[in-house]
Amino acid sequence: MIDRRTALGTLAGVPLALGLPAQAAARDRKRARRISLGDTVGLVAPASAVSPDAIAASQHMIRGMGLTPKLGANAARTDGYLAGTDAQRAADLNAMFADDRVAAIFAIRGGWGGARLLEMLDWDMIRRNPKLVIGYSDITSLHLAIAARAGFPTIHAPNASNSWPKASWESLWRLAFTGETPVLGMGEDGPSGRTITPGRARGRLFGGNLTVLSTLMGTPWVPDFGGAILFLEDVNEAEYRIDRMLQQLELAGVLGKLSGVVFGRCRACATAEPDYAGLTLDEVLDRHLKPLGIPAVAGANIGHHRGQLSLPHGGEVEINAQERTITLLKPIVG
């Protein structure tokens, strides 16, 4: 899932000159400050172990963005399949939030392990020091927990050791560096993308990896989805597992609260057996999302594929399901 083959090449054509109860936290709408060229940004490994190559690729990519990387003290450690013990990984995140010299925090990779840290993070300190956390996949647990406990937006985007092609980089630039309110295109209708239910909807944008989100249901680490736009993505999941996880969100009351849904391109989410006669992914999505009667799209360019958009997690947005766009209504940085 981690593509380390592309670093600066894809950036060359893009001009750089361009603990508190959840409800109380939700009322706190502080914003992280925007990132500026030359800023120091943190590099952390909050989940699976990372290789020396991944660390080097991440540092190279961050420098290519015009930023200075600061590696977490424990980022190179291993503890089984994790990047150090839970306490070590949590300590790196706490240290990056506490360091006034660190403007934002990039995850090196996802995998598994972020949810193990949530009770070890210093949420009082994090609320006092809002910073953009940037990453995706298992980093979904951090995005959701920050939305629930701290109330400020973060960015669902490639991890630092991924490639950053034009769409990923330009959307990050506009969200985090210039503080714009861009209109983000989710890709054209076609074999990989379609409108399920047309219409427009407004709300805070929450979501990320479906597997991680479903794992956190029933815990205090998810925000209030009332009136939200939910975006979901995944990879290597059979149709019945997508069905099962969407059913979990329905039974938990999440789907019935939403104002809109964006489902990403789900790579390798079709059963390969030639005699498979079950539901297709499109049929699974239609059965869960059409009855909601709210704007919904499938096959958006988010998640585990090259060229994913950087998305303002927790930001106020409007989606146009027919035009397949997400418009940020207020800047997510100050």
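How many Å apart are the mean positions of the 35 positive and 32 negative charges of the chain? Notes below, starting with that one.

1. The two mean positions are 6 Å apart. Positive here means Lys and Arg, negative means Asp and Glu, with His and the chain ends not counted; each charge is placed at NZ of Lys, CZ of Arg, CG of Asp or CD of Glu.

2. Ground rules: this is a predicted model, where local features need pLDDT of at least 70 and side-chain atom pairs count only at pLDDT 80 or more, while totals for chains, interfaces and linings use all residues. Residues are numbered from 1 along each chain as its sequence is written, and side-chain values use heavy atoms, leaving out hydrogens and water.

3. Overall build: nine helices and 14 strands, taken as DSSP runs numbered from the N terminus (helices H or I, at least four residues; strands E, at least two). The C-alpha trace spans about 50 × 45 × 40 Å along its principal axes. The radius of gyration is 19 Å, which agrees with the value near 20 Å for a compact globule of 334 residues (C-alpha atoms; the rule is 2.2 Å times the number of residues to the power 0.38).

4. Surface: the accessible surface is about 12900 Å², 51% of it from carbon and sulfur atoms (Shrake-Rupley, 1.4 Å probe). Of the 334 residues, 59% count as buried, meaning under 20% relative accessible area, with exposed over 50% and partly exposed in between (1.4 Å probe, protein chains only).

5. Have a look at strand β4 (residues 132-135), which is covered on both faces. Leu132 and Ile134 are buried on one side, Val133 and Gly135 on the other. In a regular strand, side chains alternate between the two faces of the sheet.

6. On one pairing, β4 runs parallel to β3 (residues 102-107), with three bridges between them; pairing takes at least two DSSP bridges. Phe106 sits opposite Ile134. The chain gets from β3 to β4 through helix α4 (residues 123-128), in a right-handed β-α-β crossover (clockwise from the first strand over the helix to the second, with the strands pointing away from the viewer).

7. β4 also runs parallel to β5 (residues 154-156), joined by two bridges, and Gly135 stands opposite His156. That connection goes through helix α5 (residues 140-149), and the β-α-β crossover is right-handed.

8. Asp53, in helix α2 (residues 52-64), counts as exposed because its relative accessibility is 58%. Asp53 and Gly135 are 82 residues apart in sequence and 18 Å apart in space, C-alpha to C-alpha.
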